[in-house]
Amino acid sequence: MDGIPSVTVLISGRGSNLINLFNRARGYRIGAVVSNKRDAAGVAWARERAIPVTIVEREEYPSLSAFKDGVRDAVSATQPDLVALAGFMVVLPPTFIAAFQGRLVNIHPSLLPKFPGLDTHQRVIASGETQHGCTVHYVDAGVDTGAIIAQASLAVAPNDNPESLAERTLALEHELYPWVIGHLAGSEISLCNARVQYSSRVRQEAKERGFRLSNDSE
Ligand code: GRF
């Protein structure tokens with residue numbers, strides 16, 4: 001990576017993670033935003049800050065696969081060092097994942113591999129879980145299945161409801177995501193033969209912040 005690594009953030013909605021990544025950027029910069037929703041709140045926010053925004057909407061393409069190729073091409077055109085999914089509600093095709101392997105990450109509101117997919121807070125309450133949290137992971141061809149980079153967790157309280165859990169989990173996301181992106185940008189976290197590698201500094205910081213890394217159990 002030459003200069004300050006540039007991150008392209010993909011969004012579909014309100015963009016609180018995008019805003020937080022921007023506000024807490026250390027060792028990286030938000031170079032571009034790509035959205036599949038023209039009216040996403042995060043799009044308006046990015047435009048106000050003169051961050052280049054590309055809109056790629058499904059309706060503009062004759063097929064789903066052409067649309068997904070369009071997303072890939074739009075992201076490639078931003079020449080990112082890293083690609084961060086932040087509430088991007090499109091499952092990316094293998095060609096996209098191959099193009100950005102080791103540089104493409106997502107944040108998910110559960111302690112993966114538990115609760116991939118949608119409505120995680122509701123499902124956590126319904127299952128009587130005592131722990132919940134968020135995960136940053138590399139993206140592979142599955143839905144929320146790629147190699148786990150780091151997790152932040154919280155205790156589910158007896159009086160929690162999906163809304164209270166969502167709020168507390170989002171606050172954790174806002175701690176975890178910029179920390180991970182900063183270390184990916186500094187090559188202190190990397191992917192090697194499908195395993196996540198961490199520098200000793202990252203391990204130390206994770207311990208101090210209470211973040212769990214994927215090889216913690218070893
Ligand atoms: C977050 O909960 C994130 O974990 C999930 O989608 C939500 C996006 O929220 N992937 P925001 O648009 O960043 O506020």
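Me: Which loop does Pro-113 lie in?
Reply: Keep in mind that this is a predicted model. The peptide bond from Leu-112 to Pro-113 is cis, with omega near 10°. As for its place in the chain, Pro-113 falls in the loop between E5 and helix H5 (120-126).

Me: And where does Asp-144 lie?
Reply: Asp-144 has a positive phi, near 60°, and is a residue other than glycine. Its spot is the loop between strand E6 (131-138) and strand E7 (148-155).

Me: On to the ligand: which pocket does the ligand sit in?
Reply: Around the ligand you'll find Arg-14, Gly-15, Ser-16, Asn-17, Gly-87, Ile-107, His-108, Pro-109 and Glu-173. The pocket in which the ligand sits is the largest.

Me: Which elements give two or more residues to the shell around the ligand?
Reply: The surrounding residues include Ser-16 and Asn-17, and also Ile-107 and His-108. The elements giving two or more residues to that shell are helix H1 (16-23) and strand E5 (104-108).

Me: Which domains does the shell draw at least three residues from?
Reply: Among the residues around the ligand are Arg-14 and Glu-173. The shell takes at least three residues from each of two domains, namely domain 1 (1-101) and domain 2 (108-134 + 141-218).

Me: How many of the shell residues are charged?
Reply: By class, the shell has 2 nonpolar and 5 polar residues. The charged ones number 2.

Me: How much of the ligand's accessible area does the protein cover?
Reply: Start with the polar contacts: an oxygen atom of the ligand is 2.5 Å from an N or O atom in the side chain of Arg-14. A ligand oxygen is also 2.8 Å from a polar backbone atom of Asn-17, and one is 2.8 Å from a side-chain N or O atom of Glu-173. On its own the ligand has 370 Å² of accessible area, and the protein covers 84%.

Key: Residues numbered from 1 in each chain as written. Predicted model: local features only at pLDDT ≥ 70, side-chain atom pairs only at ≥ 80, totals over all residues. Heavy atoms only, no water. Near = heavy atom within 4 Å. Polar contact = N/O pair within 3.5 Å; in protein donor to acceptor, adjacent residues only side chain to side chain. Areas by Shrake-Rupley, 256 points an atom, 1.4 Å probe, with all protein chains shown as cover. 1 Å grid on protein atoms, 1.4 Å probe; cavity = no way out; pocket = protein on both sides within 12 Å on 5 of 7 lines; lining within 4 Å. Sits in = over half its atoms within 2 Å of the grid points. Helix = DSSP H or I, 4+ residues; strand = E, 2+ residues; numbered from the N terminus. Nonpolar A, V, L, I, M, F, W, Y, C, P; charged D, E, K, R; others polar. Domains from an automatic or database assignment.
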